Amino acid sequence: MLTAPLVVEFPFTRSLGPVQSAFLTGLREGTVLGVRTAGRRVLVPPVEYDPVTAEEIRDLVEVAPTGTVTTWAWNPSPRPNQPLRTPFAWVLVRLDGADTALLHALDAPGPEAVRSGMRVRIRWAPQRVGAITDIACFEPHDGGITARAVPHSGEFADPVTGITAPARLDYTYSPGRAQTRYLTALEADRRTLGERCPSCRKVYVPPRGACPTCGVATREQVEVGPRGTVTTYCIVNIKARNLDIEVPYVYAHIALDGADLALHGRIGGIPYDQVRMGLRVEPVWTGDGRYPDHYRPTGEPDADYEAYKELL
Amino acid sequence: MTRPMPARDVAIVAFAQTRHVRDSSADSEVELLMPVLHDVLDQVGLKTGEIGFTCSGSSDYLAGRAFSFTMALDGVGAWPPISESHVEMDGAWALYEAWVKLLTGEADTALVYAYGKSSPGEVRDVLTRQLDPYYVAPLWPDSVALAALQAQALIDAGETDEDALAAIAGRSRRDGARNPYAQLTGEHAQGDYVVRPLRRADCPPVGDGAAAVVLAAGDTARRICARPAWIRGMDHRIEAHSLGVRDLTDSPSTRLAAGNAGAFDAPVDTAELHAPFSSQEVVLRKACRLADDVVVNPSGGPLAANPVMAAGLIRLGEAAMRIQRGESERALAHATSGPCLQQNLVAVLEGER
């Protein structure tokens with residue numbers, strides 16, 4: 001069964017509302033802000049809207065960098081991207097002056113050193129940019145609760161207005177049985193194997209394992225091509241990044257002989273403005289390519305429209 | 001105020017699921033799905049073209065591909081175009097959408113399916129991408145870690161302890177041994193802590209699977225099914241966004257959904273609870289006000305098989321099958337989504353009265 005590594009990687013760029021901007025800018029400056037609801041609760045981390053009433057809330061307050069663990073979980077094997085490389089505790093911390101808890105990591109020697117109700121303080125990251133990771137983690141703290149929430153304007157020089165959150169997930173992609181059969185035959189023998197629907201008898205190329213009309217598995221393999229007919233085409237005038245093909249060029253739907261579905265490919269070996277519907281083409285393989293590089297005219301007479309009109 | 005009754009009688013008339021496995025890489029999504037689609041349609045003698053509405057649940061993040069559900073659509077004969085919808089949620093929410101569609105009278109039958117393959121990626125990491133992108137996701141707290149925070153809160157509150165959690169895990173796997181579709185069955189050691197206080201056995205197996213349900217309304221249901229499992233009520237509700245705002249030892253959203261579904265109008269004899277972690281069963285039993293004699297997760301529940309995106313739909317299907325087999329008169333089915341039971345759906349199913 002074929003498999004291939006598949007990496008999905010993207011930087012999410014997100015803008016911030018006024019409350020989130022003040023909070024994350026505050027972290028950069030070593031100041032922790034919360035927001036007070038109409039019900040006088042102080043939310044840390046702060047949100048733009050009251051989670052109970054949904055009303056807009058903007059009444060910012062400063063809370064302490066010290067707090068109390070409300071619940072914890074010991075993580076013996078940190079995973080990639082988590083805040084600490086060594087075993088640590090996940091904690092929800094209610095900062096002094098806040099009524100709600102913040103999720104973060106607690107650096108502690110072991111689970112014996114952690115309990116709900118223990119006192120902790122923020123360990124700031126040495127370089128801070130205006131992100132939740134400006135809190136490197138929490139660490140144990142000896143002092144009692146002294147601080148209360150005090151009003152804060154939320155105004156800082158050069159406020160952060162957005163975050164960029166990189167994310168990467170690694171997968172092992174498997175195309176399944178039908179597409180493995182197709183790709184294996186294409187690579188090993190340069191043969192194109194379609195699959196026939198047992199119900200409507202249509203031959204699908206490339207096969208995906210099911211007939212989309214009948215909803216049943218396609219199992220019977222049918223060799224199609226290698227020659228085919230251009231059923232329709234377009235002229236590409238914009239150069240694609242990382243693609244070393246001169247524009248303009250023609251990209252076409254090609255119905256391989258014996259197939260009931262057109263696949264698509266580039267047409268070469270003919271000036272772009274001479275490509276036409278009905279043009280007979282054949283695949284051109286280059287080097288050790290795993291699939292045809294492009295298709296070129298065979299020199300046969302054009303196919304009659306009646307022969308491919310159902311495949312448009 | 002009295003609760004309005006559903007505008008039409010709608011029932012689950014067929015259910016099928018795969019034998020859930022750790023790794024189904026030999027099958028594409030549609031290859032995994034097709035046998036269960038054919039199974040449910042055969043049960044009620046319908047062809048794909050005879051279904052009024054089709055709705056599915058799955059996740060691109062599990063597959064690692066955009067619009068991954070479109071490939072699975074080949075399995076339902078979606079061409080020429082059918083009346084169809086998809087939710088990027090557990091299939092239980094697809095069933096909810098289909099139920100509403102039938103209530104409007106626009107369709108008399110619906111095919112609902114869901115599938116999830118966790119094997120291509122690391123599901124603990126994948127699920128971090130559903131979290132608050134500003135304050136939480138940058139820390140990559142995985143699904144077990146968040147459930148462990150909830151479990152510790154329950155232990156601190158005196159609502160459970162590690163022995164009680166082990167008993168839930170043990171019961172689930174023993175019951176799973178009687179379920180031919182379960183992935184993890186029989187006696188298992190509690191194992192080491194994955195994230196303390198949750199041990200290996202407190203966590204669901206990671207695996208791949210699919211499930212499908214057919215819904216039908218009124219006389220159509222009676223005609224194609226000997227004992228339809230009537231949906232007497234169904235509702236879904238969500239908790240506050242931030243974990244630190246919530247009381248993790250309780251699930252007000254489940255309680256509200258259960259009340260709106262009619263769960264408290266009369267006792268249920270069976271409950272299929274979507275509690276992927278043993279500790280979450282403690283929360284759900286309380287929120288659903290289950291009496292001690294209620295049979296909970298006779299299928300083994302998500303601790304025996306937890307194909308992400310299908311496991312909630314399977315709860316509804318398992319509860320319906322208990323009714324179809326005459327083993328239950330009135331059952332509660334629950335599905336969840338998100339960290340620490342963030343969003344909850346409750347349905348009440350009954351046999352013919």
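Student: Which residues of α10(B) do Leu165(B), Ile168(B) and Ala169(B) in α7(B) meet?

Tutor: This is a predicted model, in which local features need pLDDT of at least 70 and side-chain atom pairs count only at pLDDT 80 or more, while totals for chains, interfaces and linings use all residues. Residues are numbered from 1 along each chain as its sequence is written, and chains are lettered from A in the order in which they are written. Helices (H or I, at least four residues) and strands (E, at least two) are DSSP runs, numbered from the N terminus. With contact defined as C-beta atoms, placed from the backbone, within 7 Å, the partners in α10(B) are Ser278(B), Ser279(B) and Glu281(B).

Student: How is α7(B) oriented relative to α10(B)?

Tutor: The axes, lines fitted to C-alpha atoms over the stretch in contact, give angles from 0 to 180 degrees between N-to-C directions. Those of α7 (residues 162–176) and α10 (residues 278–287) of chain B come within 8 Å and cross at roughly 95°. Angles of 65 to 115 degrees count as roughly perpendicular, under 35 as roughly parallel, over 145 as roughly antiparallel and the rest as oblique. The orientation of α7(B) to α10(B) is therefore roughly perpendicular.

Student: Which element supplies the largest share of the side of chain A that touches chain B?

Tutor: The contact takes 55 residues from chain A and 49 residues from chain B. Elements of chain A that each supply at least two residues to its side include β1 (4–15), α2 (176–189) and β11 (162–173). The largest share, eight residues, comes from β11(A).

Note on methods
Two residues are in contact if their C-beta atoms, placed from the backbone, lie within 7 Å.
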